[in-house]
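Work through the exercises below with the sequence and the structure at hand. Each task is followed by a solution in steps.

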Amino acid sequence: EVYFKNLSKQKQKEVMEKNGNNQKLRVCVATCNRADYSKLAPIMFGIKAEPQFFELDVVVLGSHLIDDYGNTYRMIEQDDFDIHTRLHTIVRGEDEAAMVESVGLALVKLPDVLNRLKPDIMIVHGDRFDALALATSAALMNIRILHIEGGEVSGTIDDSIRHAITKLAHYHVCCTRSAEQHLIAMCEDHDRILLAGCPSYDKLLSAKNKDYMSIIRMWLGEDVKTRDYIVALQHPVTTDIKHSIKMFELTLDALISFNKRTLVLFPNVDAGDKEMVRVMRKKGIEHHPNFTAVKHVPFDQFIQLVAHAGCMIGNSSCGVREVGAFGTPVINLGTRQTGRETGENVLHVRDADTQDKILHALQLQFGKQYPCSKIYGDGNAVPRILKFLKSIDLKEPLQKKFCFPPTQSALAVDLGGTNLRVAIVSMKGEIVKKYTQLNPKTYEDRLELILKMCVEAASEAVNVNCRILGVGISTGGRVNPREGIVLHSTKLIQEWSSVDLRTPISDALHLPVWVDNDGNCAALAERKFGHGKGIENFVTLITGTGGYVVGRTDCSGFRLQYASKRDVKILTAACHPPFLDLPHNHVFLLAFSPPLQTEDLLLVEGMSMKKEEVVSAAHLIQAAKLGNTKADSILRTAGTALGLGVVNILHIVNPSLVILSGVLASHYVNAVKDVIHRQALSSVKTVDVVVSNLADPALLGAASLVLDYTTRRTY
């Protein structure tokens, strides 16, 4: 803790030096109504108490300046703040259009004020339409914005406004861990988010010991006792005005029936507020002996009233946020606060459509005492916010950056006979980053290199904004995918039998690991990213100079090796039941052609090969193109042989599609189709044979093991 305190002091010192030792941060605090002032006032007091760091400008607008809502600007003056500007921005009206016009009027008036004040930063609170006008004006005039209470969730248009202000704001002060996570999920920069708690809690948690009886008697009468009265505060829901007015009428009827002394506060400035006031007057609330109806109560006194009430009822955010600090029972009506974090003191009545439901809630809650809740703050928000303000570097670029969530990705490993490759593959099949090394000849060196490359790739994934879900490994030979063990490898990969790949890699990276043979991986790649997408039953064959690899999406595939160096050889291969749904050890025939392996017969004019260089399919293709008749004959013979093998597959497996992959695929496809046309049964002659369009099926297939693990039956 001492270390971080010293680090914070050092950072503040550096920021002061960057900004100029004598330069103060000019802060504009704009307040629109009684509710946001209760949150902003503690911050304003803190700023005012440190004149060596800050200059404070106060702008007042909105309902503060309207008599119907108590002329609440006076409490700002009583707190000894100089109001630099008063802006009349509320357009009188009872519908949504009046709110829109009020926003427009504020947007017209604010530019002159901001041009005159030239603040370094503007502090905006909450989710009111007035605050949206403030944030819009400041953002368009290149003024930094600090938004208080972003990231929270409620049930009205306020949600949309709050999140819109979040996107305009450069810095964020949130009250709860969930709100912080919401801001991060909205792509806001984590370094510009401060989890401070609610500023009003700084006052709430130190207010309970004051003389409260005189305040209670002043507002409710001399004969009222603590825990024997109700505070009611209900606002219109702008997305469903008619229903919210009806619910308010039912609430008043329930309160009249409940027959307890009740303090009723007038609603906020919103579409429908005048109609709610008319409902109050129609029911005679202002003259009822059990009711006291008021436009405004100073926040210090309001704290004492709710702290010692028998119950609070309505749909105000104050009920689900601040009142929890005292453990006072709360009845939250309707959907206006849906999504808010609440303590156990809050009883939600979402469907408050009858008087009996509300009356029953009053009977359940009235007079109870719950444990105090500190969900929204611990009483130390203001010091944190002031420290945060001091850390702002005005020389940093004004343009805010969004931190988009990481792309879900996989680490794909391809164990080939020559090369060892590791890649970061995104959910869309994009190879974000690829690493290639020569495949070592010994088990120890190979495993060490795999781990090294995987660790390097996992570290790089953070820099390219990728979240690694797991590791998929494609390797030649027979594999036990359930255990992640290579049972027996091909001759091309030495010392690679009975190898447990899953355990060491999973232990090193702390990630799940999947292992499968290259045939199945190729088929999986085609199913997720290639021609097999959306096709239930197809076969993939990887063609190369070492044999054919056969894979199918619902199988444990196998690799075929040639038996001799003759041009054509008929090979028998055992099939596993999952592949063909046939009894174990059932055999079928595949035609097979081995590669040309004699360098002397391969070389023609225009070609050159190093002595140590291994003959590859690329050499065979190049020789054929340069006129080597032997190479051309091998390709044609191999294509025909492969065609015979495909015919056998069609007759036994009956797939809907055959996909040829590998460097020789495009040279074989026409020969394969011709053999099918000549020799296959008529029922399978229509099965299409296509060349894979995937650039790297082995890596993409290994990635598919990870990206599709929740849906693959085998895993």
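**Exercise 1: a partly exposed ion pair**

Asp 351 has a relative accessibility of 43% and so counts as partly exposed. The model is a predicted one.

Task: Find which side chain Asp 351 meets in a salt bridge, and classify the accessibility of that partner.

Solution.
1. The side chain of Asp 351 meets that of Lys 357 in a salt bridge, with 3.3 Å from N to O.
2. Lys 357 has a relative accessibility of 34%.
3. Partly exposed covers the range between under 20% and over 50%, so Lys 357 is partly exposed at 34%.

**Exercise 2: two pairs across the chain**

Task: For Arg 26 and for Glu 152, name the salt-bridge partner and state how far apart in sequence each pair lies.

Solution.
1. Arg 26 forms a salt bridge with Glu 55, and their closest N and O atoms are 4.0 Å apart.
2. Arg 26 belongs to strand S1 (residues 25-31) and Glu 55 to strand S2 (residues 54-61), so the pair links distant parts of the chain, 29 residues apart.
3. Arg 26 is partly exposed at 27% relative accessible area, and Glu 55 is partly exposed at 37%.
4. Glu 152 pairs with Arg 321, the closest N and O atoms being 2.5 Å apart.
5. Glu 152 sits in the loop between strand S5 (144-148) and helix H6 (157-168), while Arg 321 sits in the loop between helix H13 (317-320) and strand S12 (330-333); the pair therefore ties together parts that are 169 residues apart in sequence.
6. Both Glu 152 and Arg 321 are buried.
7. Glu 152 and Arg 321 also belong to a network of salt bridges, whose members include Lys 39, Asp 127 and Arg 340.
8. The whole structure holds 39 salt bridges.

**Exercise 3: a five-stranded sheet**

Task: Give the strand order of the open sheet of five strands, and explain why S16 and S21 each have one side without a neighbour in the sheet.

Solution.
1. The order is S16-S15-S14-S17-S21, and the pairing is mixed.
2. Strands S16 (431-438) and S21 (513-517) stand at the edges with a single partner strand each, so one side of each has no neighbour in the sheet.
3. From one strand to the next, the twist averages 20 degrees.
4. Strands S14 (residues 407-415) and S17 (residues 466-475) run parallel and are joined by eight bridges.
5. Leu 411 stands opposite Val 471 in S17.
6. Helix H17 (residues 502-509) lies across S14, S17 and S21, and runs at about 150 degrees to S21.

Note on methods
Residues are numbered from 1 along each chain as its sequence is written. This is a predicted model: local features need pLDDT of at least 70, side-chain atom pairs count only at pLDDT 80 or more; totals for chains, interfaces and linings use all residues. Side-chain values use heavy atoms; hydrogens and water are left out. Two strands pair if DSSP finds at least two bridges between them. Helices (H or I, at least four residues) and strands (E, at least two) are DSSP runs, numbered from the N terminus. Axes are lines fitted to C-alpha atoms, for helices over the stretch in contact, and angles run from 0 to 180 degrees between N-to-C directions. Contact means heavy atoms within 4.5 Å. Buried means under 20% relative accessible area, exposed over 50%, partly exposed in between (1.4 Å probe, protein chains only).
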